[in-house]
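Reader: I would like a close look at a single part of this model. Please take one buried charged residue, go through its surroundings, and then set it in the wider chain.

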Amino acid sequence: MEKRIQGASLLLDASLGHCFVDGLEHRDANAIYNCLRAYAAIDNTRSAEELFRTTIVAPLIQKVIPHGASWADGKPSGDELENDYQQIKQCIQKDCKFLLEISFEENSGLHVFDFLANSILKEVLSAIQKGKPGAFSPGRPTEFLKNYKSSLEFLAHIEGYFPSRAAVSKFRAEAVYNEFMKQWNLGVYFSLRFQEIAGALDSVLAATSLVPVHNVPSGQGDSPDLTLKQSATLLECLESCWREDVVVLSYSDKFLRLSLQLLSRYSSWLSSGLAARKRGNTGSNPGCEWAISTVPDEFIYIIHDINCLHTRVCGDFLEHVLELLSSCSGDILDHVKQSILHGGKALDALVPAIINTIVETLVEKSVEDLRQLKGITATYRMTNKPLPVRHSPYVSGVLRPLKVFLDGERASRYLKEDAKNELVLSAATEITGRYYELAADLVSVARRTETSLQRIRQGAQRRGGANADILDHNVSDTDKICMQLFLDIQEYGRNLAALGVDAASIKSYRSLWDCVAPEDRRSVINF
């Protein structure tokens, strides 16, 4: 009995199959409808879907994407799928739509069939795997993404045939749909893009010196163009993350993280370099050599570039990212916005440290001239020189490094006024502090020496029977030294004023004035 049932089933399947194929070939709607009803009644929808695939769909797809025996007759020129999908859409519209309309008829009971998934998509997947396997390879990221986006657009087109959202959901739950989506290894694609983008930045940050961008146009101090290759590469990499031919919206969280990592990497490169310069060596941190060899003028490039990067990142770049992610919820967009703004502000926060680095270098150069004030002691100690009436030659050189820096072409062109003012005040304060330390120490030593000499002189007078009441009313060497220093700091104050700095507002200058000014001049600072 069992064999007879099996035989009857096979005979029914064969007869039903012949009838269905004949109906498909002649587009006999009644025959197709009755065959589909029969397939649904015996719960054999797969046979109908397979017959439609092999009879109608496969020959059509074979012409578009040749494979197998027909490979030699129509070998595809490349792995791009966009044009193939356009042709397949036309085939569906022309040669498949008639069956789809029958199966989608309301209250027909034929909703159990899914010809779009198990006939059309299945054949398309098979054809690509056999005829264009390279289309699924992320090894060529640009072509891969183009094919992936074309495939998503193709799926969206197919879904447009379904009469309801429930039917679309059923389509997406089909095994062949999931198999098709698994072909697109987005994880590997992102890894390759990560290596490409992050590697480009790491490569340029490994340079042992700052690399100027040679095509910087001439202009004034508010030039919006980046001046260093390191900075320009950072911006290029950030923009690459969100280019249409790079970003995958389903991986937007990873591309956001990559963007923030790029900003952090640039900030770390700067801060590590500044720390190495402060130590005087790179230690075990390769990639910091640039900071050791960089002169103050070149740090202006970094300040300028940070200002430009901050403006771009928190402006156009942020706006572009938010526009791409506009379909996301408000909470997500706010999180994205705050993350990018934080990265931009972290860059901006490095400017004071760079200014300090410039100041430290300029101060050390100024101190070389300041040390000459030690020669004042030798000038007036145990000599008959009169009270000085003009400042020492070294004074004109104390602020020269700062003035040369400010008058330079780079500072004039790239350094903003607020940064310039901050730098001048910081440098003036530091130099004045060192000036006070050296002058106070010199005066202290002079007074102690003067006191010791007076004691020796008085002892000698007593032993020689001289009148101890007879005092030397001549001007002392210490008075001469203090007068020379007083004349010097007056000139120094005038030089500060020429740079726009009020010397009297600097605490160490007031202390310096109190230290060397004559008794009757201490109350008011004037030059």
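Author: What follows starts at one acidic side chain and works outwards. The model is predicted.

Start with Asp 488. It is found in helix α21, residues 477-498. Asp 488 is buried, yet it has no salt bridge. Which side chain of opposite charge is nearest to Asp 488? It is Arg 390, and it is 8.4 Å away. A salt bridge needs a nitrogen within 4 Å of a carboxyl oxygen.

Now the neighbours. Residues up to four places away in sequence are not counted here. Asp 488 then touches Ile 376, His 391, Ser 392, Tyr 394, Val 395 and Tyr 435.

Two of these contacts, Tyr 394 and Tyr 435, also form an aromatic pair. Its geometry is edge-to-face. The ring centres are 6.5 Å apart, with 70° between the planes. Tyr 394 lies in the loop between α16 (375-380) and α17 (395-398), while Tyr 435 lies in helix α20 (residues 417-463), so the pair ties together parts that are 41 residues apart in sequence. Both tyrosines are buried, and Asp 488 touches both.

The count of aromatic pairs comes to 24. Elsewhere, Phe 136, Phe 144, Tyr 148, Phe 180, Trp 184 and Tyr 189 form one aromatic cluster.

Next, a buried residue without charge. Ile 354 lies in helix α15, residues 351-370. Its relative accessible area is 0%. Leaving aside neighbours within four places in sequence, Ile 354 is in contact with Leu 274, Phe 299, Ile 302, Ile 303 and Ile 306. Pro 296 is 58 residues from Ile 354 in sequence, and the two C-alpha atoms are 9.5 Å apart.

Then helix α22, residues 507-516. Which residues of α22 are buried? They are Ser 508, Tyr 509, Leu 512, Trp 513, Cys 515 and Val 516. Why do they fall on the same side of α22? They cover an arc of only 160° around the axis, which puts them there.

Last, the whole chain. It has 22 helices and 0 strands. Of its 527 residues, 45% are buried. Take the contacts with a separation of 6 or more: residues 24 or more positions apart account for 76% of them. The chain exposes about 27100 Å², and carbon and sulfur atoms supply 51% of that area.

Back to the starting point: Asp 488 is buried without a salt bridge, and its contacts include Tyr 394 and Tyr 435.

Key. Residues are numbered from 1 along each chain as its sequence is written. This is a predicted model: local features need pLDDT of at least 70, side-chain atom pairs count only at pLDDT 80 or more; totals for chains, interfaces and linings use all residues. Side-chain values use heavy atoms; hydrogens and water are left out. Buried means under 20% relative accessible area, exposed over 50%, partly exposed in between (1.4 Å probe, protein chains only). Helices (H or I, at least four residues) and strands (E, at least two) are DSSP runs, numbered from the N terminus. The arc is that of the directions from the helix axis to the C-beta atoms. Contact means heavy atoms within 4.5 Å. Accessible areas come from the Shrake-Rupley method with a 1.4 Å probe; for residues, only the protein chains shown count as cover. Lys and Arg count as positive and Asp and Glu as negative; His and the chain ends are not counted. Rings of Phe, Tyr and Trp (its six-membered ring) pair if their centres lie within 6.5 Å; planes under 30 degrees apart count as stacked, over 60 as edge-to-face and the rest as tilted.
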